[in-house]
Amino acid sequence: MIRDLKAIVNIETPSTEKKLLDQAADYLVKYAEKNLSCETELIENVNSGNNVSLRIGKDTVKKPLLVLAHYDTVWSKGTLSRIPFSVSDGVARGPGVFDMKGGLVQGLWALRSLEEYGKQDRRIEMLITSDEELGSDSSKELIETRAKISEAALVLEPSQDGKVKTARKGIGEFSINVIGKAAHAGLEPWKGVNAIEEAARVILFLQSLNRIEKGTTINVCTVNGGTRTNVIADRATLGVDFRVASEAEANKLVKSVMSIKPNNPSVKLEISGGLNRPPMQKTYETERILEIAKTIGLEFGTTIEDCAVGGGSDGNFCAAVGIPVLDGLGAVGNGAHAENEFVDLNQMPLRAAIFERLLEEL
Ligand SMILES: [Zn+2]
């Protein structure tokens, strides 16, 4: 497993670099052809890296299970030279090792084990996508199509300190352009319309929409504007992130933001965006799968707990089409999207084994 993890971490896969992504997709197809006897499909993707589908088992009366993984990471090209793949004191480090190449390797080994020793009475499709870290614009439709015909989705995203994830907040974004008018800041500032002044008011309004007790958070995370210190700013752009626990909260928030009117009537506001990943809520069906996972955990002498998190994943899309989702079934470690990212190697075979048993028992 360490050898496989090293190989896939050593192919850098920033979500924006198609050439690199395609190399990783090719590697995964070759890996599957060599180590699995499944049907392998490289799904061409014009706008991002190619996606990979691995299908084991046969169609039976049981609906297929969908396993989700992504091979892109948030790390830009060249990160490997700064943070090379390394193993020491029972942990592995390297870009994307925890989110989620560790989980990806666990999933591949679970399939290998299932093919070799397990009982297969249905079709299982593992979909490995290329742009999860950007919100899955190019693979969303593919994921939804496969989710609709599946019994449940099992997502190999990192665990939360070993806990699986049964609820995720919905995530959205807004981009707000504030358009004013430039003028000389000293000679005739009254002829200008300061976009930054208006942006400041909009920022304070947006921040006031936070409702932590309801699980709604909204934050202006980027601000750009102005040209020079002696020119009244004719433009400012705000990048806004929001998270919601329910669809109703999302609708309320989107309505409030979309109806913002400028304080200064000479300013024009262009507001775009909305909910990208709908919230994934814990359902009765999720609970049933969780109980099975817990029982399997006990077989291996470990306790499986669940939690709700603020971060989204492709699990959100599957929940939105109405199938149960158990997420966070991947690596145990810490530091997703952070410099100290690591994966606990001792947990990798254990988690792969639990995952393989889950594929059998569902
Ligand atoms: Zn991830």
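Visitor: Is P14 buried or exposed in this structure?

Guide: Burial is judged by relative accessible area, and a residue under 20% counts as buried. In this predicted model, P14 has a relative accessible area of 4% and is therefore buried.

Visitor: Where does P14 lie, and which residues is P14 in contact with?

Guide: P14 belongs to the loop between α1 (2-9) and α2 (18-35). When its neighbours within four places in sequence are left aside, its contacts are L20, L21, T73, W75, S76 and K77. A further residue to look at is G78, which stands 64 residues from P14 along the chain. The C-alpha atoms of P14 and G78 are separated by 9.8 Å.

Visitor: Which residues are the protein donors of the zinc ion?

Guide: To read a metal site, one identifies the donor atoms and then their places in the sequence. Here the protein donors are H70 through NE2, D99 through OD and E157 through OE. These donors lie 1.9 to 2.1 Å from the zinc ion. Their spacing in sequence is H-x28-D-x57-E. D99 and E157 link distant parts of the chain, being 58 residues apart. D99 is in helix α4 (residues 97-117), whereas E157 is in the loop between β7 (152-155) and β8 (164-168).

Visitor: Are D99 and E157 buried or exposed?

Guide: The cut-off used for P14 applies again: under 20% counts as buried. D99 is buried, with a relative accessible area of 8%. E157 is likewise buried, at 5% relative accessibility.

Visitor: What kind of peptide bond joins D99 and M100?

Guide: The angle to read for a peptide bond is omega. For the bond between D99 and M100, omega is about -15°, and the bond is cis. M100, like D99, has its place in helix α4.

Visitor: Which residues other than glycine have a positive phi?

Guide: Two cases may be examined, D89 and S136. Phi of D89 is about 50°, and phi of S136 is near 60°. D89 is placed in the loop between β4 (86-88) and β5 (91-93), while S136 is found in the loop between β6 (124-129) and α5 (140-148). D89 is exposed, at 80% relative accessibility, whereas S136 is buried, with a relative accessible area of 0%.

Visitor: Which residues of α5 are buried, and what do they pack against?

Guide: For a helix, one may list its buried residues and then the elements that they touch. In α5 the buried residues are L142, I143, E144, R146 and A147. They pack against the strands β1 (39-43), β2 (51-56), β3 (65-70) and β6, and against helix α9 (315-320).

Visitor: How are two packed helices described?

Guide: The description rests on the angle between their axes and the distance between those axes. The case here is helix α8 (residues 284-299) with helix α10 (residues 347-361), whose axes come within 10 Å and cross at roughly 130°. The two helices are therefore oblique to each other. The crossing of α8 past α10 is right-handed.

Visitor: Which residues meet where α8 and α10 are in contact?

Guide: From α8, the residues are I289, I292, A293, I296, G297 and E299. They meet I354, R357, L358 and E361 of α10. Sorted by class, this contact has 6 nonpolar, 1 polar and 3 charged residues.

How values were computed: Residues are numbered from 1 along each chain as its sequence is written. This is a predicted model: local features need pLDDT of at least 70, side-chain atom pairs count only at pLDDT 80 or more; totals for chains, interfaces and linings use all residues. Side-chain values use heavy atoms; hydrogens and water are left out. Axes are lines fitted to C-alpha atoms, for helices over the stretch in contact, and angles run from 0 to 180 degrees between N-to-C directions. Helices (H or I, at least four residues) and strands (E, at least two) are DSSP runs, numbered from the N terminus. Angles under 35 degrees count as roughly parallel, over 145 as roughly antiparallel, 65 to 115 as roughly perpendicular and the rest as oblique. A crossing is left-handed if the near helix is turned anticlockwise from the far one by less than a right angle, and right-handed if clockwise. Contact means heavy atoms within 4.5 Å. Ala, Val, Leu, Ile, Met, Phe, Trp, Tyr, Cys and Pro count as nonpolar, Asp, Glu, Lys and Arg as charged, and the others, Gly among them, as polar. Donors are N, O and S atoms within 2.8 Å of the metal (3.2 Å for Na, K and Ca); water is not among the atoms, so sites may look incomplete. Buried means under 20% relative accessible area, exposed over 50%, partly exposed in between (1.4 Å probe, protein chains only).
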